[in-house]
Amino acid sequence: MTEPLLDIRNLSVSFATESGPVTAVQDVSLSVAQGEIVSVVGESGSGKSLSLLSVLGLHDPRNTTVGGTVTFRGQSLLDLPPKQMRHLRGRDIAFISQDPMTALTPVYSIGDQIAEQIRAHERITAWAAQARAVQLLADVGIFAPADTAKRYPHQLSGGMRQRAVIAMAVSCNPALLIADEPTTALDTTVQAQVLDLLRKLRTDYGSAIVLITHDMGVVAEMADKVVVMYAGRVVESGPAAEVFTNPLHPYTWGLLGSIPPLTGTRPRRLPSIPGAPPMVGRVPAGCAFAPRCPARLGVCSTEPPRIGTPGHTALCHLTDSQRATARPTTLESA
Amino acid sequence: MIATILNRLIQMAFVMFGISVLVFLIFFATPGSDPAARIAGRNAAPETVAQIRHDFGFDRPLPVQYALLMKRLFITRDLTSFVNRGQQVIPQVIDAVPATLSLVTGAAILWVLGGIGVGLAAAAMRDTWVDRSLMILALIGISMPVFWLGEVMNLLSQSRFHDTWLFSWVPGLGYVPLTEDPAGWAKALVIPWLTLAVLYIGIYARILRANVIEAYSEDFIRTARAKGLSERRVLIRHAFRTSLLPFVTMFGLDFGALVGGAALLTEVVFGINGVGRLTFQALQNLDLPVILATVMYASFFVVAANAIVDLLYAAIDPRMRT
């Protein structure tokens with residue numbers, strides 16, 4: 001097996017608060033191979049964005065501590081001096097943020113902002129950088145790219161802005177693209193276009209993509225590998241096909257149940273997972289999902305083991321036979 | 001752009017007109033008082049009052065009175081002060097303007113540079129001891145009244161340490177016109193500039209720090225970092241640039257007000273015969289024509305400074321361009 005592009009092992013992130021340190025992300029491991037699309041799924045506040053942001057060093061170092069190991073192309077990222085980390089960001093690892101409305105600095109034109117990134121990493125004239133920005137805008141499917149490059153963010157629609165943000169992210173040909181809910185703030189039709197664009201970028205540029213999302217529909221459409229996060233931990237991870245056909249964790253069942261079926265009779269209402277995820281710092285002992293779990297057992301108040309095959313694991317107490325009986329009933333009751 | 005400027009100038013003219021009408025009404029149409037008697041000053045002879053009543057057209061309708069007054073203010077410029085025995089008012093104001101402008105412009109340059117320097121340094125090193133000490137210094141600067149600081153500076157530079165190498169270069173109090181002696185002008189104004197600027201450096205640094213730190217929580221700052229830009233570039237090109245609007249707004253208001261006479265205390269402490277001091281003396285003597293002229297002059301600067309600020313907005317923020 002070749003060495004993965006990005007390998008995160010036992011990542012933990014904790015904040016210093018007034019009432020002492022609070023752990024928001026715990027024991028997160030995931031690896032991304034060259035050209036692979038890995039989806040990190042979870043509800044808001046499950047620590048999915050935070051994990052990836054701290055990998056990039058974009059957390060606030062004054063009140064956040066990051067533990068574990070992160071290896072990118074054999075290089076450990078967490079102990080990298082800030083200056084080298086900076087050279088890596090934008091050039092080798094790019095980041096696409098959730099809300100294209102606020103992701104661009106309002107006072108500079110789109111072209112200037114793309115050129116700024118190119119010039120931060122390459123010795124290139126301002127003119128050439130602008131020309132490249134226009135080319136990139138054309139590549140992400142923007143009509144009249146030369147004209148758009150001269151416009152300011154507020155003059156573009158949400159979809160156009162997200163395209164511009166993506167063009168900026170791929171401007172230095174990154175090996176890895178981290179996309180934090182890139183479609184959440186967009187209309188459904190535009191969502192599909194942006195996802196198509198991301199897929200096209202993978203084939204054109206060969207970039208691996210980490211797609212952070214809470215939309216299982218997006219995962220089904222895009223991912224090679226799925227990592228399900230709940231309350232700051234990875235509760236299930238494995239190849240997308242396997243996670244969809246044979247989900248191990250009850251939380252994953254709930255997420256899959258929330259996809260509206262395209263065929264058959266229309267359900268009266270979509271099943272939802274009752275309750276809300278625990279607040280950071282108030283995660284219950286044992287399995288964090290236990291209070292909301294339809295297949296809860298007595299042992300669930302103790303630390304759950306990691307079960308499953310090497311490629312597809314979950315953090316759960318259920319045995320195979322218990323799972324087989326519990327899953328159909330939860331689907332019915334939902 | 002030219003259309004915007006023209007538009008703004010026309011608006012400015014309207015505002016000025018409105019102010020002049022208001023000022024006129026307050027001074028000349030307040031019921032129960034005789035404007036002629038007030039213009040004539042205390043213990044005026046009845047003939048003088050009658051003369052003024054005729055000159056200013058107080059026996060004619062209000063619009064005519066207004067027109068006559070504006071004509072005397074702006075066209076013939078022969079408005080005279082009766083309290084000061086027939087001194088012309090407009091030349092008095094025009095003589096006072098260079099002193100005030102010199103004082104306020106110099107101080108403004110100092111406080112803009114100082115405010116940006118201190119504010120950015122504090123924001124870049126926020127929550128460290130550097131930030132805390134800078135903010136405490138800024139607070140001290142804000143808390144020191146300008147008349148007290150001015151007197152202390154005078155005490156140090158004019159008497160106690162005047163004979164030492166530290167302050168031997170400081171000339172006596174007063175204003176030296178720039179056209180007569182540029183070096184003397186600067187020497188005479190250095191200490192007044194610093195004194196006036198200290199308060200504003202404190203205010204502007206604190207405001208700028210707060211705005212920059214607020215900008216730091218914006219998504220686009222994270223984008224800028226994710227692009228691999230240096231911390232300094234993120235601070236100056238992204239956080240500072242987007243925090244400029246409140247800074248510029250405040251500058252417009254403060255600069256306009258100071259040129260319009262709010263630098264009074266500094267002018268009095270340092271013996272600079274500026275517009276503030278002129279207004280102050282006129283108020284003491286109830287010298288109505290001078291008050292009228294200085295109020296009109298002050299309003300002009302406030303309105304003009306705000307018009308310039310509006311134009312700057314468009315330059316700073318593309319969202320303001322329509």
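Salt bridges in this predicted model number 23 over all chains. Side chains of opposite charge can pair when their charged atoms come close. Several pairs illustrate the pattern within single chains and between chains.

In chain A, A:Arg132 pairs with A:Glu122 in a salt bridge, and the closest N and O atoms lie 3.2 Å apart. The two residues are 10 residues apart and belong to distant parts of the chain. A:Arg132 sits in helix α4 (residues 126-139) of chain A, whereas A:Glu122 sits in the loop between α3 (110-121) and α4. A:Arg132 has a relative accessible area of 27% and is partly exposed. A:Glu122 is also partly exposed, at 31% relative accessibility.

A second salt bridge of chain A joins A:Glu303 to A:Arg233, with an N to O distance of 2.6 Å. Here the partners are 70 residues apart, and the pair again links distant parts of the chain. A:Glu303 lies in the loop between α10 (250-257) and β11 (306-309) of chain A. A:Arg233 belongs to strand β10 (residues 233-239) of chain A. The surroundings of the partners can be read from their accessibility. A:Glu303 is partly exposed, at 49% relative accessibility. A:Arg233 has a relative accessible area of 15%; because this is under 20%, A:Arg233 counts as buried.

Chain B supplies a further example. B:Asp317 and B:Arg319 form a salt bridge, and their closest N and O atoms are 2.9 Å apart. B:Asp317 is buried, with 5% relative accessibility. B:Arg319 is partly exposed, with 44%. Elsewhere, salt bridges with shared partners connect A:Glu116, B:Lys227, B:Arg233 and B:Arg237 into one network.

The contact between the chains was examined next. The size of an interface is often given as the accessible area lost when the parts come together. Chain B and chain A bury about 2300 Å² between them. Carbon and sulfur atoms account for 55% of that area. On the side of chain B, the most area is lost to chain A by B:Arg222, B:Ala226 and B:Lys227. Together these residues make up 27% of what that side buries. In terms of contacts, 22 residues of chain B meet 26 residues of chain A.

Charged and polar pairs also cross this interface. Four salt bridges are found between chain B and chain A. B:Asp127 and A:Arg62 form a salt bridge with an N to O distance of 2.7 Å. The interface also holds 13 residue pairs in polar contact, both residues being at pLDDT 80 or more. On the side of chain B that touches chain A, the elements giving two or more residues are α9 (219-226) and α10 (231-242) of chain B. The largest share comes from α9(B), with six residues. By type, the residues of this side of chain B divide into 12 charged, five polar and five nonpolar.

Cysteines were considered last. A disulfide is a covalent bond between the sulfur atoms of two cysteines. The structure holds zero disulfides over all chains. A:Cys300 is in no disulfide, and its nearest cysteine sulfur, that of A:Cys287, is 5.7 Å away. A disulfide needs sulfur atoms within 2.5 Å, so the 5.7 Å between A:Cys300 and A:Cys287 does not qualify. A:Cys300 is buried, with a relative accessible area of 10%. A:Cys172 is buried as well, at 9% relative accessibility.

Conventions. Residues numbered from 1 in each chain as written. Chains lettered and ligands numbered in written order. Heavy atoms only, no water. Salt bridge = Lys/Arg side-chain N within 4 Å of Asp/Glu carboxyl O. Helix = DSSP H or I, 4+ residues; strand = E, 2+ residues; numbered from the N terminus. Buried < 20%, exposed > 50% of the residue type's maximum accessible area, 1.4 Å probe, protein only. Contact = heavy atoms within 4.5 Å. Buried area = accessible area lost by both parts, 1.4 Å probe. Polar contact = N/O pair within 3.5 Å; in protein donor to acceptor, adjacent residues only side chain to side chain. Nonpolar A, V, L, I, M, F, W, Y, C, P; charged D, E, K, R; others polar.
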